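Hi,

Here is the structure I said I would pass on. Have a look at it first, and then read my notes below.

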Amino acid sequence: MAMTKTLSMISRTGRDLQRYNDGCRQVVGCIPYRYRKTNQSSTVLGTQIDDLEFLLISSQKSPKWMFPKGGWETDEALEDAALRETFEESGVIGDVEVQEYLGTWSFKSKSQGTFHEGHMFPLLVTEELDDWPEKTVRKRLWLKFSEAREVCWHSWMKEALDVFASKLTKRNKDDEPQTCPFDELSYEQTVVAVSNFNTMFYEEPIISIEANDLTCEEELRISLVAKPSLGKLMFNEEARRKPFFNEISNVANSMFSEEARMSTKAQKMFNEKLGRISIAAFS
């Protein structure tokens, strides 16, 4: 989301407006990220975690690396505070992905000896500024996922990064095209699916096909016997058994005879008037 307030080049200080929850100081931060390839955008499907880079900043008082975070104050919404703190500490702005909220972590500040609750969001960086409020006291570093996780000092921030990666993996899985197993198609769905692939029979429907004879414990063989004098195909059914499920015989050389056989789990529909066959699969 976009910031609704003007960003100030002076960082907020003091605790007058600081929020607390049962004595725990409320802090909020972001995991700023960008796409490594310039032709990618936030709408690209199938993005992998290694396609991204993550921005870490140094601590003001030590060389430790972390994600930007700071106090959530009473005059701002949580996401506004996240964007403000990210801008003040790291000099980037972008879209706080509120719908991808990463969670809340409780931790104790070693420097202050007080308990905090930290809220974290992903932030897709849209602009990296040359000047920002804490430029003189912090450094910036863009890293790949594995590198960022290794150098990040705070364990709870590493957990937030892991949550981000898990959400990305789930989103990719949800975006995958969904396929319907052939056996699960209803009769109506199957007829529609094969309607454009009907075998056409004109004056004499003469063809013989015996192909992909998939073996199973028991299957139904439907024989289509051409009767040119009647202009029809007659149906014969023959139940048979096969000894092994994984045996496959593929015989497709018997073309153009007076008997057409297809050994499969299927139902054939013959339209006498149009002289065509529709094949609809059944489980």
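To get your bearings, which residue in S8 does Gln26 stand opposite? The partner is Glu117. Keep in mind throughout that this is a predicted model.

That pair is part of a longer contact: strand S2 (residues 24-35) runs parallel to S8, and 9 bridges join the two. S8 itself covers residues 115-128, and 10 of its 14 residues are buried, so the rest of the structure largely encloses this strand.

S8 has other partners too. Strand S6 (residues 92-96) pairs with S8 in the antiparallel sense, over 5 bridges. If you want a spot to click on, Val96 has Leu123 as its bridge partner in S8. Strand S7 (residues 103-108) is also antiparallel to S8, this time over 6 bridges, and there Lys108 stands opposite Phe115. S7 and S8 form a hairpin with 6 residues between them. In that turn, look for Gly113, which has a positive phi of about 70°.

Now for the whole thing. The protein has 283 residues, of which 40% are buried, and its secondary structure comes to 4 helices and 17 strands. Taking contacts between residues at least 6 apart in sequence, 68% join residues at least 24 apart. The accessible surface is about 17,100 Å², with 51% of that belonging to carbon and sulfur atoms.

Next, the inside. As a rule, nonpolar side chains in soluble globular proteins tend to be buried together. Here the largest nonpolar core holds 27 residues, and the members touching the most others are Ile31, Ile49, Leu52, Phe54, Phe67 and Met120. At least two residues of this core come from each of S2, strand S3 (52-58), S7, S8, helix H2 (145-151) and helix H3 (155-175). H3 gives the largest share, with 7 residues. There is also a second, separate core of 14 residues, and Leu55, Trp72, Leu78 and Leu123 are among them. You have met Leu123 already, as the bridge partner of Val96.

Helix H1 (residues 78-90) is worth a look as well. Is H1 largely enclosed by the rest of the structure or not, and how many of its residues are buried? It is largely enclosed, because 12 of its 13 residues are buried. They include charged-looking names you might not expect on such a list, such as Asp80, Arg84, Glu85, Glu88 and Glu89, alongside Leu78, Leu83 and Phe87. Among the elements covering these buried residues are S2, S3, strand S5 (69-71), S6, S8 and S9. The length of H1 agrees with expectation: at 1.5 Å a residue its 13 residues should span 18 Å, and the end C-alpha atoms are 18 Å apart. Right after H1 comes Gly91, with a positive phi near 70°.

One last residue: Leu141, which sits in strand S9 (residues 140-143). Its relative accessibility is 29%, so Leu141 counts as partly exposed. Beyond its neighbours within four places in sequence, Leu141 is in contact with Phe54, Leu55, Leu56 and Trp65. The C-alpha atoms of Leu141 and Ile57 are 6.2 Å apart, although 84 residues separate the two along the chain.

Happy to go through any of this with you.

Cheers

Conventions. Residues are numbered from 1 along each chain as its sequence is written. This is a predicted model: local features need pLDDT of at least 70, side-chain atom pairs count only at pLDDT 80 or more; totals for chains, interfaces and linings use all residues. Side-chain values use heavy atoms; hydrogens and water are left out. Buried means under 20% relative accessible area, exposed over 50%, partly exposed in between (1.4 Å probe, protein chains only). Two strands pair if DSSP finds at least two bridges between them. A nonpolar core is a set of buried Ala, Val, Leu, Ile, Met, Phe, Trp, Tyr and Cys residues joined through side-chain atoms within 4.5 Å. Contact means heavy atoms within 4.5 Å. Accessible areas come from the Shrake-Rupley method with a 1.4 Å probe; for residues, only the protein chains shown count as cover. The expected span of a helix is 1.5 Å times one less than its number of residues.
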